[in-house]
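Here is a short tour of one protein, with the sequence and the coordinates side by side. Take a moment to turn the structure around, then read on.

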Amino acid sequence: MTINHKLIIKEVEDYVIITLGLILYAFGFTVFLLPYEIVTGGVTGISAIIFYATGFPLQYTYFGINVILGILALHILGWKFLSKTIYAFTMLSFLLGLFQSLMPVDESGHIVKILGEGQNFMSLIIGCTMTGSALGIVFLNNGSTGGTDIIAASVNKYRDVSLGTVLTFLDLIIIGSCLLIPQFGDMIQRAHMVVFGLCTMVIENFMLDFIMNRQRQSVQFLIFSAKWQEIANAIGTQMNHGVTILDGHGWYTGNERKVLCILAKKRESVTIFRLIKMIDPQAFVSQSAVIGVFGEGFDQIKVKIKEQKDENSLRNEQPTQATGDSPHPGQ
């Protein structure tokens, strides 16, 4: 199979998994958040606020805002960033409308509250667990649901402000805007909506981080075995994984032996253990979690390197020699 074929298959897999994530998001939002008039952040939150206040279908608002943001950011971010984003917000707009049409409604035409009356907070927890997990699935497959992500990416390109900071700031503005809308009742009712909206931020972000970090967790193996070469060959050939061989010295026996050191994704642990057990069931294996692994095959190092200053600026910044007239401590 050629490299181009592999890339095409990977792209198709990304779109399939992104679609499954969008289905989960639309289901969680429509079934558990929408009937209880719970506000979230992002463009979905703006669309929900307009829907609660006016009854205008939120999928149309969501799609329209994303189209405008996409056009404005096209020359900044380019087609490469926006291709999957356009697919995602178009598909999500369709899915939000689809699930609303499938939901049962009461006599007044409102979507039925699946958990019953008074279960707002429980519905919030379930719904945000689903939507946060769905966002994690989408992001892990190089996708984005658009909306405030487009704004954050555009700001980040020209300003040294993290994406998370921009998104949090925008979400706070969107959720806080409920206080200014009289259709939501008196000030106490509006404050109640804002508090619930802040809870959605916390739960969604927690689930998003949980999904993202769980997939990125890495482990370190130290393998002590007389059949170290066979184990290294098996891991290197069958898993296409790098192996580092260390020289070890046993204190008790005094014998020299080889130690295999492997850094791998956590999801690869079972396969590594299986290979070790097949070759040497008596092998001594140490597995430990690592905070982060950066480099080829793992995460990228995302720090900025300060530009080196020229010789003149460095020379000017060096401290001058103290002269005899300069005061010294103790004199």
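## Contacts and overall make-up

Residues 24 or more positions apart account for 70% of the contacts with a separation of 6 or more in this protein. Please keep in mind that you are looking at a predicted model.

The protein has 331 residues, and 37% of them count as buried. Its accessible surface comes to about 20,700 Å², with 61% of that belonging to carbon and sulfur atoms.

## Order of helices and strands

In secondary structure, the protein comes to 10 helices and 4 strands. If you follow the chain along the sequence, the pattern reads α-α-α-α-α-α-α-β-α-β-β-α-β-α.

## The sheet

How are the strands ordered in the open sheet? The order is β2-β3-β1-β4, with antiparallel pairing among the 4 strands. At the edges stand β2 (244-249) and β4 (284-290); each has a single partner strand, so one side of each is left without a neighbour in the sheet. From one strand to the next, the twist averages 25°. As background, strands of a sheet pair through backbone hydrogen bonds, in either a parallel or an antiparallel way.

For a closer look at one pair, try β1 and β3. Strand β1 (residues 218-224) runs antiparallel to strand β3 (residues 256-265), and 7 bridges join them. Within this part of the sheet, glutamine 220 stands opposite leucine 263 in β3.

## Helices across the sheet

Two helices are worth picking out here. Helix α8 (residues 228-238) lies across β1, β2 and β3, and its direction makes an angle of about 20° with β3. Helix α9 (residues 269-279) lies across β1, β3 and β4, running at about 10° to β1.

## Methionine 239

Let us finish with a single residue. Methionine 239 sits in the loop between α8 and β2. Is methionine 239 buried or exposed? Its relative accessibility is 17%, and buried means under 20%, so methionine 239 counts as buried.

Which residues does methionine 239 touch, leaving aside those up to four places away in sequence? The list is Ala234, Glu268, Thr271, Ile272 and Leu275. For one of these partners there is also a distance to check in your viewer: methionine 239 and glutamate 268 are 29 residues apart in sequence, while their C-alpha atoms are 9.0 Å apart in space. Thr271, Ile272 and Leu275, also touched by methionine 239, fall in the range of helix α9 (residues 269-279).

Technical notes
Residues are numbered from 1 along each chain as its sequence is written. This is a predicted model: local features need pLDDT of at least 70, side-chain atom pairs count only at pLDDT 80 or more; totals for chains, interfaces and linings use all residues. Side-chain values use heavy atoms; hydrogens and water are left out. Buried means under 20% relative accessible area, exposed over 50%, partly exposed in between (1.4 Å probe, protein chains only). Contact means heavy atoms within 4.5 Å. Accessible areas come from the Shrake-Rupley method with a 1.4 Å probe; for residues, only the protein chains shown count as cover. Two strands pair if DSSP finds at least two bridges between them. Axes are lines fitted to C-alpha atoms, for helices over the stretch in contact, and angles run from 0 to 180 degrees between N-to-C directions.
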